[in-house]
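This report goes through one helix, a residue that packs by its end, and the cysteines. The model is shown below.

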Amino acid sequence: MGLRRKNKSPPVLSHEFVIQNHADAVSCLAMGLLLGLMFEVTAKYVIIFITVQYNVTYTTDDRSEPIHFYEYGPKDIATIFFYMLIAIILHAVIQEYILDKINRRLHLSKTKHSKFNESGQLAFFYLFSFAWGASILTAEEFMTNPTLLWKDYPHSRMFFQVKFFYVCQIAYWLHALPELYFQKIRKEDIPRQLYYICLYIAHICGAYVLNLQRLGLILLVSHYLVELIFHASRLFYFSDENKQKGFTFWALLFVMARLLTLTLSVLTFGFGLARVENPGFSIADGNFNVLTVRISCLAAICLTQAWMMWKFINFQLKKWREHIQNQIPKKKITYTKSKSTKKEPNRANFVNGAVKLEDGASPRTRKSKVL
């Protein structure tokens with residue numbers, strides 16, 4: 001009986017070593033930050049990474065309890081960094097304990113394997129973010145009263161849930177950048193993923209910094225619902241290729257979400273904020289309601305929606321062409337089969353090299369001449 005060969009561990013600090021152990025290294029770093037809360041010397045520095053900063057408390061005569069609001073500032077970078085570490089850890093946990101086990105059962109190809117992992121990770125994130133954002137919208141009155149999107153601008157003071165939501169959103173999409181290396185994403189897929197990751201970071205950070213959190217929250221929730229349906233349909237398709245009805249439902253919601261985004265954007269930047277325009281541009285007060293900023297924001301949103309619609313139309317046309325090409329060979333096969341079945345009765349008339357008539361009579365045989 002031969003001895004089993006042990007798998008050689010990769011060299012320390014090599015690419016393979018970093019990829020295999022990145023989740024453990026990040027967990028140790030996050031645990032070290034949490035342990036810093038136990039000591040008074042380091043607690044005042046570590047608290048910046050863990051808790052939400054820039055708390056502003058107001059007390060009114062009508063209410064006995066104070067109202068807590070939050071603003072943004074440079075310390076948010078430390079908080080975003082910590083929750084980016086948490087996102088990397090959760091990414092590794094979902095990949096190892098859920099997606100990898102499903103992949104072993106499905107036996108997918110390399111191309112489908114990478115797409116399955118991408119859709120699985122994004123489906124979990126979109127589901128969590130949609131539920132969280134929808135709960136915030138139900139607590140507020142943004143959906144029932146659209147004038148709150150621009151009324152009393154600038155909205156520099158946020159509730160805890162709103163600010164924490166934006167911090168987690170920025171942290172997640174920033175963590176997606178190193179995950180391109182950790183997950184060994186193929187070179188062909190890197191440009192496509194970089195496009196939408198950078199678009200998410202730019203739009204979410206823009207809404208956060210420009211005090212457009214209310215508009216950004218509504219647009220994110222509607223967009224996340226559409227993306228959740230798409231990636232869930234993709235997962236069902238990989239498990240069974242006959243399950244394609246979800247893509248039809250996604251296509252309808254995709255067009256509706258683009259129309260909703262354009263409508264609310266034009267209504268907010270073109271009509272709402274234009275009527276309450278403050279001529280003084282003040283970064284300290286968080287007031288960015290000037291013509292240049294409004295046009296830039298509206299142009300960025302419109303260009304992004306146009307690019308998404310262009311990709312959507314090309315995707316639908318590609319699927320339509322593939323469907324037509326798959327139908328053409330089937331028609332040719334049925335046509336050739338029908339021809340072959342017509343010739344079979346004629347072949348049946350030949351028995352042992354002699355021709356057999358349909359009435360059962362045999363052909364007249366010639367008499368051999370006797371010499």
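The bend at a residue is the angle between two fitted axes, one for the seven residues ending there and one for the seven starting there. The model is predicted.

## Helix H5

Helix H5 covers residues 160-182, which is 23 residues. From the first C-alpha to the last, H5 reaches 32 Å, close to the 33 Å expected at 1.5 Å a residue. H5 has a kink of about 30 degrees at Ala 176. The proline Pro 178 follows shortly after that kink.

Of the 23 residues in H5, 17 are buried, and the helix is mostly covered. Just after H5, Lys 184 has a positive phi of about 55 degrees.

## Ile 19 and its contacts

Ile 19 belongs to helix H1, residues 15-35. Its relative accessible area is 14%, and because buried means under 20%, Ile 19 counts as buried.

Outside its neighbours within four places in sequence, Ile 19 is in contact with Tyr 181, Phe 182 and Lys 184. Lys 184 is also the residue with the positive phi just after H5. The C-alpha atoms of Ile 19 and Glu 179 are separated by 9.5 Å, although these two residues lie 160 residues apart along the chain.

## Cysteines

How many disulfides does the structure hold? It holds zero.

Cys 168 has a relative accessibility of 19% and therefore counts as buried. Cys 297, at 15% relative accessibility, is buried as well.

Note on methods:
Residues numbered from 1 in each chain as written. Predicted model: local features only at pLDDT ≥ 70, side-chain atom pairs only at ≥ 80, totals over all residues. Heavy atoms only, no water. Disulfide = S-S within 2.5 Å. Buried < 20%, exposed > 50% of the residue type's maximum accessible area, 1.4 Å probe, protein only. Helix = DSSP H or I, 4+ residues; strand = E, 2+ residues; numbered from the N terminus. Contact = heavy atoms within 4.5 Å. Expected span 1.5 Å × (residues − 1).
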